[in-house]
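Dear colleague,

I am handing over a structure to you with this email, and I would ask you to look at it before you read on. My notes on what was found follow below it.

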Amino acid sequence: MENQIITCSVNGNVVSVPSQYFGWSLARYLREVLGLTGVKQSCDSEGACGACNVIINGKAKRACLTKVSTLDQARIETIESLQYAPGETPHPLLQTVVQDGIFQCGYCAPGALLSAKALLDENPNPTEAEISRAISTVICRCAGLNRMDRSILRAAAILRGDEKSIWTPQDTEKEERILNRITGREKFTNDLSFPGMLYAKAVRAGSPHARVLKVDVSRAEAMPGVHKVLTSRDLPGRNLMGSITPDQPVFCDENNPVRYVGDCLAVVVADTREQAEAAADAVDFELEALPMITSPEEALALGAPVLHERLKEAHPEEPNVLAHFSTRKGEEDAGFAHADVIVEGDYEVPFVEHAYMEIETSIAVPQADGSITVYCGTQGPVEMQHQVAASLDLPIEKVRIAHQFMGGGFGGKEDITGQIHVTLAAMLLGKPVKATWSRAESIAVSTKRHAMHMHYKTGATRDGKLVAGEARILGDT
């Protein structure tokens, strides 16, 4: 198939695709070659999320599962086809979803809107069941899609002429931000690219608790396209990070043991993502397993392994307790004495993955004045600036966090992800460096809502009045 070309139409423009891209997914080709970054990805090209849905020959299809080689003579529409010029009235689908407040972060919007458009292009008067089926392939973590069926019904009525649009030119101006977000004009971090940009890939420990015996990067550094493999030896400043207390290693080494499977041992920086991933697999490391603590109860047991020496120094009698909060009000015994009914039991809630649709991306760009600009979506840009500066041993004014719009956060994007790693790489190599996690990596590495073990005892009178309560809660942090 060498030197072959296929021809297709993308948003009405004829595109000739050379054979070097035939093995790529359509999502990657649209984003990386044509620059149509309105096409989003939220899963690891498994067709699981629907964020990449586009219209191919009139049907909504997952772009991440569609090979470029299958698209000869295809007609492709992306969310950019719904963009409009200043002063124009947006498509009725855009009008109704904005008026109904369907999207918050808007990361899933392109896939949902194109799924709806494909339906209305084929069937201008769909049933609610047909609408529900059409958008069912799209996951929305902000939870607006459960109301989008009404927006689609109203847009269909406007398109048929059965209902009059109430959209005004003032609405176009007032709602510019959300309209840009849901039509691909506004860029999320992973949509950004810079000349000469390199790609970073972290080497994860994959062990819950271990001592680092060896990290050998020599074979990885000799591989094609690799510029450098970073370890703790390359870090000029503090090898610790943490939003409240810096207690997590930026790089685990002989002085900083592994404490969870997502801990980082090294970071490969290469010309392409594929080269970085291949070299990351070639990093040779050796770990010595340490005892595991799998519950708060185990952590509190006498003789349990000490996880953080600083906590042992602070309160040696409870070396694995991060914090202890006690709240009391009134006379507990008297309250229970007045109770006609006492209910007592044990309850648990697990760790909760925040499941934001936008996967973590960090990009560091060195500036001519010696400063570094870090592009990322974060819920704590100021705190992140301080952490990056401390680890890089830079004055705070030399680190700029260029906050990008987030595709969801929900408390899960308050901590450092790849920002220190890419900043270190950019500083040492003098080039922009980008790190994008896979969905699997995000689940393994990112912080979670705390798991909790709870014992509750509650007293009430027969008429339903609560008169006493006692609770002991162990949070797993």
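Which residues in α2 meet which residues in α5? In α2 they are Pro92, Leu93, Gln95, Thr96, Val97 and Gln99, and in α5 they are Met148, Ser151, Ile152, Arg154, Ala155, Ile158 and Leu159, where contact means heavy atoms within 4.5 Å. Helices here are DSSP runs (H or I, at least four residues), strands are runs of E of at least two, and both are numbered from the N terminus.

Please keep in mind that this is a predicted model, in which local features need pLDDT of at least 70 and side-chain atom pairs count only at pLDDT 80 or more, while totals for chains, interfaces and linings use all residues. Residues are numbered from 1 along each chain as its sequence is written, and side-chain values use heavy atoms, with hydrogens and water left out.

To return to the first pair, the axes of α2 (residues 92–99) and α5 come within 8 Å and cross at roughly 140°; axes are lines fitted to C-alpha atoms over the stretch in contact, and angles run from 0 to 180 degrees between N-to-C directions. The two helices are therefore oblique to each other, since angles under 35 degrees count as roughly parallel, over 145 as roughly antiparallel, 65 to 115 as roughly perpendicular and the rest as oblique. The contact of α2 with α5 divides into eight nonpolar, four polar and one charged residue, with Ala, Val, Leu, Ile, Met, Phe, Trp, Tyr, Cys and Pro counted as nonpolar, Asp, Glu, Lys and Arg as charged, and the others, Gly among them, as polar.

Helix α5 (residues 148–160) also has a crossing with α4 (residues 128–135), at roughly 115° and with axes that come within 10 Å. Here Glu128, Ile131 and Ile135 of α4 meet Met148, Asp149, Ile152 and Leu153 of α5, and by class this contact has five nonpolar, no polar and two charged residues.

Further along the chain, α13 (residues 381–392) packs against α14 (residues 419–429) at an angle of about 45°, with the axes 10 Å apart, which makes α13 oblique to α14. The contact is made by Met384, Gln387, Val388, Ser391 and Leu392 of α13 together with Gln419, Ile420, Thr423, Leu424 and Met427 of α14, and these residues divide into six nonpolar, four polar and no charged.

With best wishes
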